[in-house]
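Visitor: I would be grateful for a close look at a single part of this model, the sheet, together with the elements that pack around it. Please treat it as one connected account.

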Amino acid sequence: MEYLTATVEMAEAVHNILHTAIRTVYPKYYPKEVTDFFCRHHSRQHVLEGLASGNMRVCIDRDVIIGTGCYVGNHITGVYVLPDYQKQGCGSKIMDCLEMEISKNYDTVCLEASLPAVCLYEHRGYKTTGHGIIELENDVKLVYEIMEKRLSDGGS
């Protein structure tokens, strides 16, 4: 597996990863309104903005882009892996690399965790520091965990 800075040429592949992961995994945990919210949020424009920041990365396996991660400052803004490649170490590799990059300038890393990802982050040493809520259509509420981890020794 390779871990590289994403380029504009990868925009469509990154967009596909986001939407495929969201549409496959989120309906198991959330109502349709939440899945739709995340797909709207991760628009093509949003992907292009992430690419322009220089902080979006991709995980590539045998010339296939299978995962992506992005950060701003010490905030991990998203980690997504194609469902067929989940539970094979790609998400952990992305997290290891993001934490290492962030540790160059910060002592802590933070993120907002979706319900499917909370256990993964807890196993990585993240602690819940709060909860957020977003009011969606049809009186649906998206509740998520705000998590933080203290970094040391290169983010490990």
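Guide: Strand 4 and strand 5 (residues 108–113) pair in the parallel sense, over 2 bridges. One pair of partners here is His-75 and Cys-110, the latter in strand 5. The model is a predicted one, and what follows describes its computed geometry.

Strand 4 (residues 75–81) also pairs with strand 3 (residues 64–72), in the antiparallel sense and over 6 bridges. Two residues of strand 3 illustrate the register: Thr-68 has Tyr-80 as its bridge partner in strand 4, and Cys-70 has Gly-78. The two strands form a hairpin with 2 residues between them, and in the turn Gly-73 has a positive phi of about 60°. Strand 4 is mostly covered, since 5 of its 7 residues are buried.

Both pairings belong to an open sheet of 7 strands, whose order is 1-2-3-4-5-7-6 and whose pairing is mixed. Its edges are strand 1 (2–5) and strand 6 (127–135), each of which pairs on one side only. From one strand to the next the twist averages 25°. As a general point, the strands of a sheet pair through backbone hydrogen bonds, in either a parallel or an antiparallel manner.

On the other side of strand 3 comes strand 2 (56–61). Strand 2 and strand 3 run antiparallel and are joined by 6 bridges. Strand 1 and strand 2 are likewise antiparallel, joined by 4 bridges. A path across the sheet can be followed through single residues: Leu-4 stands opposite Val-58 of strand 2, Val-58 has Thr-68 as its bridge partner in strand 3, and Thr-68 is in turn partnered by Tyr-80 in strand 4.

Strand 2 is largely enclosed by the rest of the structure, because 6 of its 6 residues are buried. Burial applies to both of its faces: Met-56, Val-58 and Ile-60 lie on one side, and Arg-57, Cys-59 and Asp-61 on the other.

The end of strand 2 presents a contrasting environment. Arg-62 lies in the loop between strand 2 and strand 3, and the hairpin of these strands has 2 residues between them. Arg-62 is exposed, with a relative accessible area of 72%. Its phi is near 50°, a positive value in a residue other than glycine. In general, most residues other than glycine have a negative phi. Another residue that departs from this pattern is Asn-138, which is not a glycine yet has a positive phi of about 60°. Asn-138 is found in the loop between strand 6 and strand 7 (141–150), and at 60% relative accessibility it counts as exposed, the cut-off being over 50%.

Turning to the helices, helix 3 (residues 44–53) lies across strand 2 and strand 3, and runs at about 95° to strand 2. The buried residues of helix 3 are Val-47, Gly-50 and Leu-51. Seen down the helix axis, these buried residues fall within an arc of 100°, so they line one face of helix 3. They pack against strand 2 and strand 3, and also against helix 1 (11–25). Just after helix 3, Gly-54 takes a positive phi of about 80°.

Helix 1 in turn packs with helix 2 (residues 32–41), at an angle of about 175° and with the axes 10 Å apart. The two helices are therefore roughly antiparallel to each other. Helix 1 contributes His-19, Ile-22 and Arg-23 to the contact, while helix 2 contributes Thr-35, Asp-36, Phe-38 and Cys-39. Sorted by class, this contact has 3 nonpolar, 2 polar and 2 charged residues.

Finally, the account returns to the region that follows strand 4. Gly-89 lies in the loop between strand 4 and helix 4 (90–103). Gly-89 is partly exposed, with a relative accessible area of 36%. Although Gly-89 and Met-1 are 88 residues apart in sequence, their C-alpha atoms are 9.3 Å apart in space.

Terms used
Residues numbered from 1 in each chain as written. Predicted model: local features only at pLDDT ≥ 70, side-chain atom pairs only at ≥ 80, totals over all residues. Heavy atoms only, no water. Pairing = 2+ DSSP bridges. Axes fitted to C-alpha atoms, helices over the stretch in contact; angles between N-to-C directions. Contact = heavy atoms within 4.5 Å. Buried < 20%, exposed > 50% of the residue type's maximum accessible area, 1.4 Å probe, protein only. Arc of directions from axis to C-beta. Parallel < 35°, antiparallel > 145°, perpendicular 65-115°, else oblique. Nonpolar A, V, L, I, M, F, W, Y, C, P; charged D, E, K, R; others polar.
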